[in-house]
Amino acid sequence: MVAQEVTYLDNAATSWPKPPVVAEAMSRFLAQDAANPGRAGHRMAVAAERMLDTVRKELTEFIGGNDLHRMIWTMNCTDALNIAFKGLLRPGDHVITTTLEHNSVSRPLQAMSDSGFITLTRVDFSPSTGLINPDDIRQAIGPKTRLIAITHASNVVGTIQPARDVGKIAREHGVKFLLDGAQTIGVAPINVQHDYIDLLAFPGHKSLLGPTGTGGLYVNATVKIDELTAFREGGTGGDSASPQQPRLFPYFLEGGTPNTVGIAGLGAAGEYVRQHVPAKTLAHEQALVQRLLDALAEIEAVEVYGPSTAANRVGTISFNVDGYSPQELGGILDEAFSIAVRPGLHCSPYAHKSLGSFPDGTVRVSPGAFNTEADIDKLLEALREVTA
Ligand SMILES: Cc1ncc(COP(=O)(O)O)c(C=O)c1O
């Protein structure tokens, strides 16, 4: 068991540990109700369907939505993004995105652009603030712009983007707004009404503290079902006589047996997150990040990317150390000090190009809800030893 001795600082990739209630809920569901959900089925099938809808309702309320049926279950955030892009975009559409994006936004859009299906504009961010400027997005809007798709927080430097301002611009121009909530859901506030979000893609396994294999796409009422095509067609547990995918949320965008066990865990995780108050978790992560930033500023060989304060940030920072590639340093921290950090490009090559850390990337440290000051101090001690 490696994990027992590891100081885990890789929560931007997936959160760890998970609260014990998550495994308990998954195990309970497996033992009791783990039939294939179906609206018209036997009692166990109906119980499984009811569990899916209960968690849909809780998460819908959590993000300020008002229709639980518009909460679509997905495998992860990438899956949600693909369902959104491939469902919404039509030939000739123009899409605006940013250089901060994860490949899960960047690659599907790039592929659609490469095939001539859409045209694409990538708006840059400021390397010193780690922020995009909403005015740059406004200026990129043209007559064919159909979608603005941005990340809510950078997975490289952690900065929280002005989502509401961008959403407002999109709404004013009759353009759809997709927010990638991968780095924020569960820790920074997201409200689909207040922030003018038409489509919210998110994972269950990061700050929502749920298991891997879970995620969701919330389709706000501003997107009509007729504006979408189904990305994944198949069985829906009802309306079986219909030759086509039923034009009914959530089934229109869901097909096949869902990850019921994972969603049972996600339900318990979401309740845990709400009880522990996301704003408090964010303050805790920011305090750890500030402790780290302050101490790194004292180590001459260290270069930190992005802003030097923890304000307006999730618990993620990136840096490099003179004389070591990110891979070398990540390997030393893992093998010699049992500290888990993430070296490399973090699936965001354009962000590193703008930050000046391409092609090697950075060492990314991402404390989460369960990290302590002692974890940060252990990392700092290791870095002082390496740079001595
Ligand atoms: C900003 C951002 N978007 C999307 C993703 C993809 O999430 P998933 O691995 O759940 O597909 C990640 C994962 O790290 C991310 O950081």
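Two residues count as being in contact if their C-beta atoms, placed from the backbone, lie within 7 Å. In this predicted model, contacts of that kind give a first view of how the chain folds back on itself: among those with a separation of 6 or more, 70% link residues 24 or more positions apart.

The overall dimensions come next. The chain has 388 residues, and a compact globule of that length would have a radius of gyration near 21 Å; the chain has 21 Å, so the two agree. Along its principal axes, the C-alpha trace spans about 70 × 55 × 35 Å. Buried residues make up 50% of the chain. Its secondary structure comes to 11 helices and 15 strands.

The chain is divided into two domains: domain 1 takes in 3-18 and 277-387, while domain 2 covers 20-275. Their C-alpha centres lie 27 Å apart. Where the domains touch, 30 residues come from domain 1 and 36 from domain 2. On the domain 1 side, at least two residues each are supplied by helix H8 (278-296), strand S12 (317-321), helix H10 (349-355) and strand S15 (362-365). Of these, H10 gives the most, with five residues. By class, this side of domain 1 has 12 nonpolar, 14 polar and four charged residues.

Finally, there is the ligand to consider. It is surrounded by 13 residues, and the closest are Asn-76, Thr-78, Asn-155, Ala-182 and Pro-203. Sorted by class, the shell around the ligand has eight polar residues, four nonpolar ones and one charged residue.

Definitions and conventions:
Residues numbered from 1 in each chain as written. Predicted model: local features only at pLDDT ≥ 70, side-chain atom pairs only at ≥ 80, totals over all residues. Near = placed C-beta within 6 Å. Nonpolar A, V, L, I, M, F, W, Y, C, P; charged D, E, K, R; others polar. Helix = DSSP H or I, 4+ residues; strand = E, 2+ residues; numbered from the N terminus. Rg over C-alpha atoms; globule rule 2.2 N^0.38 Å. Buried ≥ 20, exposed ≤ 12 C-beta atoms within 10 Å, placed from the backbone. Domains from an automatic or database assignment.
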